[in-house]
Amino acid sequence: MEEPLAAVRKIIHVDMDAFYASVEQRDNPELRGKPVAVGGAAARGVVAAASYEARKFGIHSAMPSVTAARKCPELIFVKPRFEVYKSVSQQIREIFAEYTPLIEPLSLDEAYLDVTENLKNMPVATEIALEIRRKIKEATGLNASAGISYNKFLAKMASDLNKPNGQAVITPRMGPAFVEQLPVKKFHGVGPATAEKMHRLGIQTGADLKAKSLAFLAQHFGKSGPYFYGIARGIDHRQVKPDRVRKSIGSEDTFIEDIHALEPAKQELAPLVSKIWGYCGARNLSAKTVTVKVKYSDFQQMTRSRTQSLSFASEAEVLEIAEALLETVYPFRRGVRLLGVTLSNLSEAAEQGTSQLPLFR
C-alpha cells in the first residue's frame with residue numbers, strides 16, 4: 001500500500017564516503033590510493049574507519065586492529081583527529097542549511113534532510129542532492145553519496161546503492177517492491193542479533209517480514225514490531241527532527257594492559273569525563289545521570305549508575321561520582337581491560353533555568 005500522493009515527502013540521506021579515512025587521505029597525499037585505517041594499531045586497538053582501498057581486504061569499522069593488520073599487512077594506521085573531522089562536518093552542515101532548516105544529523109558524516117519545501121524552491125529532490133554533493137566536493141574535497149526517497153528508511157537504504165560518490169532514488173511506486181526483495185539483515189535498524197532472531201522465525205527477506213501480522217511482530221519484537229510492520233510495506237512516518245537531543249553521550253577506552261589497582265583505574269576516568277563534559281558543554285546540554293562501565297579481561301562487564309534530581313554542576317562533580325561508582329566494584333574480580341563513562345538523562349541546559357547557563361561558558 002503506497003502513501004497517498006498528497007502525503008509524499010522528499011527526504012535526502014547524505015552519507016560521506018569513508019569519512020575519517022578520506023579526510024586523512026585528503027590531508028596527506030602519501031596516503032592516497034593506499035589502504036588506510038583510522039584507529040589505534042596497538043594490540044587492543046579498534047578500526048574507527050577504513051578507506052575503500054582497505055575495504056577490499058574485508059576491513060571495516062569496529063574490527064580489532066590486529067585482525068585488520070592480519071587481513072592486510074600493508075595497512076596504514078592513522079590516529080584519529082576528531083577536531084578536524086568536526087570542523088569538516090560543520091562545513092558540510094552549513095551547505096545543508098542553504099537548502100533546508102530540517103536537518104537531522106545522525107553522526108559527523110551523515111544526516112537526513114527534508115527538502116519537501118526547501119529554501120531554494122527547487123522542485124526535484126534528486127537535483128538538490130546533486131547540488132549538495134557538488135558543493136561538498138568543492139568546499140571540502142571529499143565525496144558524498146546520497147539517497148532520495150519519500151521516507152527516512154528508504155532514503156537511508158538508497159544512499160548505499162551507488163556508493164561511493166553516487167546517489168539513488170526510490171520512488172513511492174518502487175518502495176514496496178524494493179523492500180520485499182531486500183534481505184532483512186540489510187535493513188537499517190536491524191542489527192545482527194535482531195536479524196538472527198528474524199531468521200529463526202523464518203523471516204529472511206522483506207517479503208517474509210511483510211507476511212507476518214502486526215500482532216506477531218509486536219509479540220516477538222515489542223515496541224519495534226509496528227516499525228518493522230511499516231517498513232516491510234515501504235512505510236515510515238518518522239519526521240526529520242532537527243532538534244533531536246541525544247539520550248546519552250559516552251566515551252570509553254580499552255587498555256594495552258589490564259588494570260588491577262583502583263588508583264590507576266581512577267586516573268583513566270578523568271580523560272573520559274573531560275571528553276563527554278566538553279561535548280555536553282559545546283551543545284549546551286545538562287545531565288542528571290552518570291554511568292560507569294567496567295569490562296574485565298574475560299569480556300564480562302558490569303555497570304554502575306547514579307541519578308540525582310538536579311543537573312551536574314561541574315566536570316569535577318561528575319568525576320567524583322564516577323570515581324565513587326568505580327569504588328563500589330573494587331576489588332576487581334579480574335583485570336580491567338576497558339572503562340567507560342556515560343552521561344544520560346540529557347536536556348537543554350536552558351530548560352534547567354538561567355542559573356545553569358554559565359556552567360557551559
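**Entry 1: the cores**

I started with the largest nonpolar core, which has 31 residues, and found that Leu326, Leu339 and Leu343 have the most contacts inside it. A reminder to myself: this is a predicted model.

Next I asked which elements supply at least two residues each to this core. They are strand E9 (248–259), helix H12 (262–282), strand E11 (289–296), helix H13 (315–327) and strand E13 (336–344). H12 gives the largest share, 9 residues.

I then looked up what Leu326 touches, leaving out residues up to four places away in sequence. My list reads Leu262, Ala265, Lys266, Leu269, Val292, Val294, Phe332 and Leu339. Leu339 is thus a partner of Leu326, and both are among the residues with the most contacts inside the core.

I also noted a second core, separate from this one, with 29 residues. Tyr85, Ile128, Ala129 and Ala146 are among them. A general note for the margin: nonpolar side chains tend to be buried together in soluble globular proteins.

**Entry 2: the cysteines**

How many disulfides does the model have? I got a count of 0. I checked the accessibility of two cysteines while I was there. Cys72 is buried, because its relative accessible area is 1% and the cut-off for buried is under 20%. Cys280 is buried as well, with a value of 2%.

**Entry 3: the cavities**

I searched the whole structure for cavities of 30 Å³ or more and found 2. The largest has a volume of about 50 Å³. Its lining is made of Val14, Met16, Ser89, Ile92, Arg93, Phe96, Leu108, Asp109 and Glu110. Strand E1 (11–16) and helix H4 (82–96) are the elements that give two or more residues to this lining, and H4 has the largest share, with 4 residues. What classes do the lining residues fall into? I noted 5 nonpolar, 1 polar and 3 charged.

**Entry 4: the second largest pocket**

Here I wrote down a volume of about 1300 Å³. The pocket is lined by 39 residues, and Gly39, Val46, Ala48, Pro80 and Phe82 lie nearest its centre. By class, I have 20 nonpolar, 8 polar and 11 charged residues in the lining.

Which elements supply at least two residues each to the lining of this pocket? I listed E1, helix H1 (19–27), strand E3 (47–50), helix H2 (52–55), E9 and H12. E9 gives the most, with 6 residues. I had met E9 and H12 before, as suppliers of the largest nonpolar core, and E1 in the lining of the largest cavity.

Key
Residues are numbered from 1 along each chain as its sequence is written. This is a predicted model: local features need pLDDT of at least 70, side-chain atom pairs count only at pLDDT 80 or more; totals for chains, interfaces and linings use all residues. Side-chain values use heavy atoms; hydrogens and water are left out. On a 1 Å grid over the protein atoms alone, a cavity is a set of points where a 1.4 Å probe fits but cannot get out, and a pocket is an open set with protein on both sides within 12 Å along at least five of seven lines; lining residues have an atom within 4 Å of a point. Grid points are joined across faces, edges and corners, and a volume is the space filled by probe spheres set on the points. Ala, Val, Leu, Ile, Met, Phe, Trp, Tyr, Cys and Pro count as nonpolar, Asp, Glu, Lys and Arg as charged, and the others, Gly among them, as polar. A disulfide is a pair of cysteine sulfur atoms within 2.5 Å. Buried means under 20% relative accessible area, exposed over 50%, partly exposed in between (1.4 Å probe, protein chains only). A nonpolar core is a set of buried Ala, Val, Leu, Ile, Met, Phe, Trp, Tyr and Cys residues joined through side-chain atoms within 4.5 Å. Contact means heavy atoms within 4.5 Å.
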